[in-house]
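Trainee: I have a model open on my screen and would like to take a close look at one part of its surface. Could you walk me through it and then connect it to the rest of the chain?

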Amino acid sequence: MIKFFRKIRQNLLSENKFSKYLLYAIGEITLVVIGILVAVQINAWYQKRTLKINEINTLSQLNIDLKENHKELSEMYEMIEASNVSGEKILDHLKYRNEVTDSLRYWIEEFNISNIFNNANTTYKNLENSENNIISNDSLRLRITLMYEKDFANVHKREAMFYTEHYTNYKNGLLKNFKTGPVFYQWLEKATLEVNTPIDFNDLKRNETYKNAMVELYNFRLLRLHWLKSSLEDLENLIKDIEKEISQ
């Protein structure tokens, strides 16, 4: 092809057809420029396509992490709610009943239960370490950042507050007023129930310090439920919007 164009140029020059040669040269330059522009466009399209594929893959993996976090927070919400229901039943039992029952032991166990939020954040950490803004939607990227840096971070902070500022008082009352080690009978399940048995039930009924510690824990859990509900709603909307972004 190069020899073909060179031969045309040589023929035009040898025949002294300078004006035709000039037009030919301009045409040849134009073809070269067009070729370069087409190559640049193809390269830009390929890079754009590569970035889009990378963005979709990142959003898909991020959505998997967020759905796992939604599951964790939903389970946490249900557990806290169940714990508070048991707390209400314990206080009612101490107020109106005069005997230790298996139900009371069960409620004591459930009120004492808590769980830890395991934040699925691998994809988000990779995004943080990336030099480029892989997620092109600025609004969506901001909401993802706020979900991890504000909502999920606050879940961890409130967990720490629960154990350091609220649970300690209740735990101390639990250790003082209940049997803390299993007493083995014929069946193992009896040992479990014995752990949650008051040392002196009548004394426990009059123990305002223990009941106040329960109420403190109960009220803080109510606040956690309020905060969790708000975060869960925002998380559900974020997951839906990420799925819309992926499908575009």
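Which residues form the negative surface patch?

Mentor: Happy to, and please keep in mind throughout that this is a predicted model. The negative surface patch is made up of Glu68, Glu75, Glu78 and Glu81. Let's take Glu81 as our way in. Glu81 sits in helix H2, which covers residues 18-96. Its relative accessible area is 39%, so Glu81 counts as partly exposed. That fits the rule for patches, because a patch residue needs over 30% relative accessible area and no salt bridge.

Now for the setting. The protein chain contains eight helices and zero strands, so read from the N terminus on, its elements run α-α-α-α-α-α-α-α. Of its 248 residues, 33% count as buried. The accessible surface comes to about 15,900 Å², and carbon and sulfur atoms account for 56% of that. Contacts reach across the sequence too: among those between residues at least 6 apart, 79% join residues at least 24 apart.

One pair of residues gives you a feel for such reach. The C-alpha atoms of His226 and Tyr77 are separated by 9.4 Å, although the two residues are 149 residues apart along the chain. His226 belongs to helix H8, residues 208-247, and with 55% relative accessibility His226 is exposed.

Next come charges that do find a partner. Side chains of opposite charge can pair when their charged atoms come close. The structure holds 10 salt bridges, and three of them are good to look at one by one.

Start with Asp102 and Arg105, whose closest N and O atoms are 2.7 Å apart in their salt bridge. Both residues lie in helix H3 (residues 102-111), and because they are three residues apart there, about one helical turn separates them. Their surroundings are unlike in one respect: Asp102 is partly exposed at 48% relative accessibility, whereas Arg105 is buried, with a relative accessible area of 15%.

Helix H4 (residues 122-129) holds another such pair, Lys125 and Glu128, again three residues apart, about one turn of the helix. Their side chains meet in a salt bridge at 3.6 Å, N to O. Lys125 is partly exposed with a relative accessible area of 39%, and Glu128 is partly exposed as well, at 41%.

The third bridge spans two helices. Arg143 pairs with Asp241, and the closest N and O atoms of this salt bridge are 2.6 Å apart. Arg143 lies in helix H5 and Asp241 in helix H8, so the pair ties together parts that are 98 residues apart in sequence. Arg143 is partly exposed, with a relative accessible area of 30%, and Asp241 is partly exposed at 25%. Lys244 joins in as well: Arg143, Asp241 and Lys244 are linked in a network of salt bridges.

Finally, follow helix H5 (residues 138-177) along to Asn177. Asn177 has a relative accessible area of 9%, so Asn177 counts as buried. Leaving out residues up to four places away in sequence, Asn177 touches Thr197, Pro198, Ile199, Asp203, Leu204, Asn207 and Tyr210. If you set Asn177, buried at 9%, beside Glu81, partly exposed at 39%, you have two contrasting places to return to on your screen.

Conventions:
Residues numbered from 1 in each chain as written. Predicted model: local features only at pLDDT ≥ 70, side-chain atom pairs only at ≥ 80, totals over all residues. Heavy atoms only, no water. Patch = residues over 30% accessible without salt bridge, like charges linked within 9 Å, V, L, I, M, F, W, Y side chains within 5 Å. Areas by Shrake-Rupley, 256 points an atom, 1.4 Å probe, with all protein chains shown as cover. Salt bridge = Lys/Arg side-chain N within 4 Å of Asp/Glu carboxyl O. Lys, Arg positive; Asp, Glu negative; His and termini not counted. Charge placed at Lys NZ, Arg CZ, Asp CG, Glu CD. Helix = DSSP H or I, 4+ residues; strand = E, 2+ residues; numbered from the N terminus. Buried < 20%, exposed > 50% of the residue type's maximum accessible area, 1.4 Å probe, protein only. Contact = heavy atoms within 4.5 Å.
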